[in-house]
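Could you walk me through this model in the viewer, one selection at a time? I would like to know what to pick next and what I will find there.

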Amino acid sequence: MTVPPLPGPPAAPSAAAPPPAPPHSRLRTLGVWALSIVLVIAAWGLVQLQQPDDAPYESFVSRTTVGEPATTRNLAMTVTRVRAAHAVSDGQRWRADGTWLVVDFDAAAVVGQFGALLATSNLHLGDRTYSATERGESARNMVLVTGIPRHGSIAFEVPPGSLEGAATLEFAVDYDTDADGVIEVVVDLDQVAMQNEVTLDPEGWAR
Amino acid sequence: MTDDTTPVRQGWWRSNLLSLGVLAMLLPATVLGIGWWKWDHAFPGSGQPVWAVEPGKSGTVQLQGATWGPVRFKEVADTSGLDMPPNAKLILVGVPVDPTGEKGPGCWSPKLVQKSTGRVWLTARTELGLLWNDDEPEDCVPTSEGEKAERYELVLPYVVPDDVEGPFWVDVEPLSAKSKYVRFSIDP
């Protein structure tokens, strides 16, 4: 008679002699560490590539200078002249003393004039921003006609003695310039002579 | 535990049949519901013009309590007396409006759209140096309290650059017309 062998795990490791880690296991540990480090570096790289959170709302800026045309999505314009004076008048009933920067321009819509006005017209001087004066008859909020430029003037009142150095004019067809075209015109105010009084150009077709 | 896995899996599907059925209904319902909600808010709810109503053989369109058309148009050759810009032409469009109800419909500013590019023009009456004239309205005429709407014609002067060629659409979008608007084709 033969006694059948006891059932049991055929390859049970002996408790007395734990096998040493085989060389390929150490290699595997190294591989896991290397992969982890690569992933961390890749994540850092992605963070470097990532745009800031408000990047989708940034404007598309076209920069130009006085006398040079610029075009964005729905605004084509040329600042034709920049004047500075101690007084400004609209040639009709309104006149005001102060320190004024007067900007003459031709502007048109490009694709459509539904809701297209020269709604944004700002002056960035130093770290301050001025919007065009609402007084007098000016081309602030001028109607833009598709493909046909209209001419007009806007005026900015600024503190006395501040018209020096570089300034930037900003124009857009809406108050909200998020993710839309903006035209920026760089002006060297040191080249703009101070006059006693200037008159705003009447609004009309550019000729 | 059992050795045979197949009956177990069948049992899982069977025991979760109700939840699975509900899921199969909820998933498409979610997609359709959100889709409809977004569409409703993006288009008809927001009043965006989506569906053009073009005239048939009669040349007229019935929309929002009025009969629109038939459209008249021409390129004006004699622009003397008008403040015209250089290198531009004047396209004059007439759209008769015949209100069918007591009150005439209101509308957004009628647009001239170049078919090939989609560029849009609005009427340029003020820019041409003309004052508002009740006999030549640029916009839909509102009906005053106690008055009955009468037939009139929209007179729409558009100033476009010389090099802009037709054909064009003339789009008139009545107020609260559930995203429908009147669209005439012209080629002056």
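Before the first selection, one definition helps: two strands count as paired if DSSP finds at least two bridges between them. Keep in mind, too, that this is a predicted model.

**Stop 1: chain A as a whole**

Select chain A and colour it by secondary structure. You will find one helix and twelve strands. Following the sequence, the helix comes before the strands, in the pattern α-β-β-β-β-β-β-β-β-β-β-β-β. Chain A has 207 residues, of which 27% count as buried. Among its contacts with a separation of 6 or more, 73% link residues 24 or more positions apart.

**Stop 2: the five-stranded sheet of chain A**

Now pick strands 1, 9, 8, 5 and 6 of chain A. Together they make an open sheet in the order 1-9-8-5-6, with mixed pairing. At the edges are strand 1 (60-65) and strand 6 (128-131), and each of these pairs on one side only. From one strand to the next, the twist averages 25°.

Work across this sheet pair by pair:

- Strand 9 (residues 181-188) and strand 8 (residues 166-172) of chain A are antiparallel, with six bridges between them. Click on Leu169(A) and look across to strand 9 of chain A, where Val185(A) stands opposite.
- Strand 8 of chain A also runs antiparallel to strand 5 (residues 120-125) of chain A, and six bridges join the two. Here Phe171(A) in strand 8 of chain A is opposite Ser121(A).
- Strand 5 and strand 6 of chain A are antiparallel as well, paired over four bridges. Leu125(A) faces its opposite number, Arg128(A), in strand 6 of chain A. In the hairpin of these two strands, two residues lie between the strands, and Gly126(A) takes a positive phi near 60°.

If you switch on hydrogen bonds, remember that strands of a sheet pair through backbone hydrogen bonds, either parallel or antiparallel.

**Stop 3: Thr120(A)**

Stay in strand 5 of chain A and select Thr120(A), which lies in this strand. Is Thr120(A) buried or exposed? Thr120(A) has 21 C-beta neighbours inside 10 Å, so it counts as buried; the cut-off for a buried residue is 20 or more. Leaving out residues up to four places away in sequence, Thr120(A) touches Glu170(A), Phe171(A), Ala172(A), Asp174(A), Tyr175(A) and Thr177(A). For a distance to try in the viewer, go from the C-alpha of Thr120(A) to that of Ala139(A): the two residues are 19 apart along the chain, and these atoms are separated by 11 Å.

**Stop 4: strands 3, 4 and 7 of chain A**

Next, select strand 3 (residues 75-89) of chain A together with strand 4 of chain A. They pair in the antiparallel sense over twelve bridges. One bridge to find is that of Val88(A), whose partner in strand 4 of chain A is Ala96(A). Their hairpin has five residues between the strands, and Gly91(A) there takes a positive phi near 75°.

Then add strand 7 (residues 150-158) of chain A, which runs antiparallel to strand 4 of chain A and is joined to it by nine bridges. Trp100(A) has Glu157(A) in strand 7 of chain A as its bridge partner.

**Stop 5: the nonpolar core**

Show the side chains of Val102(A), Leu144(A), Val95(B) and Tyr158(B). These have the most contacts inside the largest nonpolar core, which has 69 residues. Strand 4 (residues 95-108) of chain A supplies the largest share of this core, seven residues.

Centre on Val95(B) for a closer look. Apart from neighbours within four places in sequence, its contacts include Trp68(B), Pro110(B), Leu154(B), Leu156(B) and Val170(B).

**Stop 6: where the chains meet**

Display both chains. The contact takes eleven residues from chain A and 15 residues from chain B. On the chain A side, six of these are nonpolar, four polar and one charged.

**Stop 7: chain B**

Select helix 2 (residues 17-42) of chain B. It has 26 residues and reaches 38 Å from its first C-alpha to its last, close to the 38 Å expected at 1.5 Å a residue. How many of its 26 residues are buried? The count is zero, and helix 2 of chain B is hardly covered.

Finish with the open sheet of chain B, in which five strands with mixed pairing follow the order 1-10-9-6-7. Its edge strands are strand 1 (51-53) and strand 7 (120-121), each pairing on one side only. Strand 1 of chain B runs parallel to strand 10 (residues 180-186) of chain B, joined by three bridges. As a last click, take Val53(B) and find its bridge partner in strand 10 of chain B, Val182(B).

Key:
Residues numbered from 1 in each chain as written. Chains lettered and ligands numbered in written order. Predicted model: local features only at pLDDT ≥ 70, side-chain atom pairs only at ≥ 80, totals over all residues. Contact = placed C-beta atoms within 7 Å. Nonpolar A, V, L, I, M, F, W, Y, C, P; charged D, E, K, R; others polar. Axes fitted to C-alpha atoms, helices over the stretch in contact; angles between N-to-C directions. Core = buried A, V, L, I, M, F, W, Y, C linked by C-beta atoms within 7 Å. Buried ≥ 20, exposed ≤ 12 C-beta atoms within 10 Å, placed from the backbone. Expected span 1.5 Å × (residues − 1).
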